[in-house]
Amino acid sequence: MPELPEVNTLAVALARQLRGDSITEWHRLSPKLRLPIPGSKEARAIIGGKIVGIKRVAKNLYFDFAGELFLKAHLGMTGHFHLTPEPLKELKHAHLRLKLQSGRILTFCDPRRFGSIEITAFPDECVTEPFAGILTPQYLATVCAKKQCSIKALIMDQQIIAGLGNIYAAEALFAAGIRPDRAAASLSRTELKKLCQAIITVIDKAVKDGIASLTDQPEIDADTTHFEITTLIYGQQGGLCSKCRKGTVEMVRIGGRSSCYCPLCQK
Ligand SMILES: [Zn+2]
């Protein structure tokens, strides 16, 4: 499942390629996603409008036509875009095909269908994203107070921090030296400060790595969101801890997700 840095990489790639172009034809191939895909009538307000940019809020992409309505896309687990000079004949799980003014074709595919496409206004409520100046130790202290759920489940709650998923949550907890299954309310002020900084550092690095991975290649496909990430703890169960070189990485299950940690480095 793409996390915030992967979605951000796609937003940057799409913006580079699509700025100045516009949608001329809207073909809904199969409406069955998590939400039904709008038909061409509902999309009328954005068809023909010049794309001025692609905004990202949490893990949502908003195609900006400099008007009130945006094309909102959520990738879910397996959603991806293909931008090609011509329609691809053998494209499986294609749900929406857009013809652009430039002649290129933008297709949205989603084999597992947890993604969504909407025509909607830009959200006005503020979400807390894992970036400096937005996520603060004070905020974490407030949301952790009296919470008996695990700290990992809490920081992955999209209503609390928008865009933090399993991989980067595990990495941030490792960097901060905090066990993922600790009760959220048990964290000290010092630990909350460390965790806040670790989340910001981990996401900031991944966002930069994602953008740096983009090539000049004009085509966009499922691989555009995939870039090399070096994980220190995620997926390392049974291995030697990369930090202390003494502990064996263990795994607990939290909220149905596997969570690796080093019993020596994380308390
Ligand atoms: Zn260790």
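Mentor: Buried area is the accessible area that two parts lose on being put together, summed over both. Keep that in mind here. This is a predicted model.

Trainee: OK. Which domains does the chain have?

Mentor: The assignment gives domain 1 (4-121) and domain 2 (137-229).

Trainee: How much area is buried between domain 1 and domain 2?

Mentor: About 1,700 Å². Carbon and sulfur atoms give 68% of that area.

Trainee: Which residues in domain 1 lose the most area to domain 2?

Mentor: Pro 5, Glu 6 and Thr 9. Together they make up 31% of what the domain 1 side buries.

Trainee: And how many residues are in contact?

Mentor: 19 from domain 1 and 20 from domain 2. The centres of the two domains, taken over C-alpha atoms, are 27 Å apart.

Trainee: Switching to pockets. What volume does the largest pocket have?

Mentor: About 630 Å³. It has 28 lining residues. Closest to the pocket centre are Ala 58, Lys 59, His 74, Gln 158 and Ala 162.

Trainee: Which elements give two or more residues to that lining?

Mentor: β3 (60-64), β4 (69-74) and α4 (166-176).

Trainee: Where does the lining come from, in domain terms?

Mentor: Domain 1 and domain 2 each supply at least three residues to the lining of the largest pocket.

Trainee: How many of the lining residues are nonpolar, polar or charged?

Mentor: The lining of the largest pocket has 15 nonpolar, 8 polar and 5 charged residues.

Trainee: Back to those strands. Do β3 and β4 run parallel or antiparallel, and what is the bridge partner of Phe 63 in β4?

Mentor: β3 and β4 run antiparallel, joined by 4 bridges. Phe 63 has Leu 71 as its bridge partner in β4.

Trainee: What about the hairpin of β3 and β4: how many residues sit between the strands?

Mentor: 4 residues. In that hairpin, Ala 66 takes a positive phi near 60°.

Trainee: Which residue of β8 is the bridge partner of Phe 70?

Mentor: Thr 120. β4 pairs with β8 (residues 116-121) over 6 bridges, in the antiparallel sense.

Trainee: Last topic. How many bridges pair β9 and β10?

Mentor: 5, antiparallel, between β9 (residues 250-254) and β10 (residues 257-261). In β10, Tyr 261 is the bridge partner of Glu 250.

Trainee: And which residue takes a positive phi in the hairpin of β9 and β10?

Mentor: Gly 255, near 55°. This hairpin has 2 residues between the strands.

Terms used. Residues are numbered from 1 along each chain as its sequence is written. This is a predicted model: local features need pLDDT of at least 70, side-chain atom pairs count only at pLDDT 80 or more; totals for chains, interfaces and linings use all residues. Side-chain values use heavy atoms; hydrogens and water are left out. On a 1 Å grid over the protein atoms alone, a cavity is a set of points where a 1.4 Å probe fits but cannot get out, and a pocket is an open set with protein on both sides within 12 Å along at least five of seven lines; lining residues have an atom within 4 Å of a point. Grid points are joined across faces, edges and corners, and a volume is the space filled by probe spheres set on the points. Ala, Val, Leu, Ile, Met, Phe, Trp, Tyr, Cys and Pro count as nonpolar, Asp, Glu, Lys and Arg as charged, and the others, Gly among them, as polar. Domain bounds come from an automatic or database domain assignment. Two strands pair if DSSP finds at least two bridges between them. Contact means heavy atoms within 4.5 Å. Buried area is the accessible area (1.4 Å probe) that two parts lose on being put together, summed over both.
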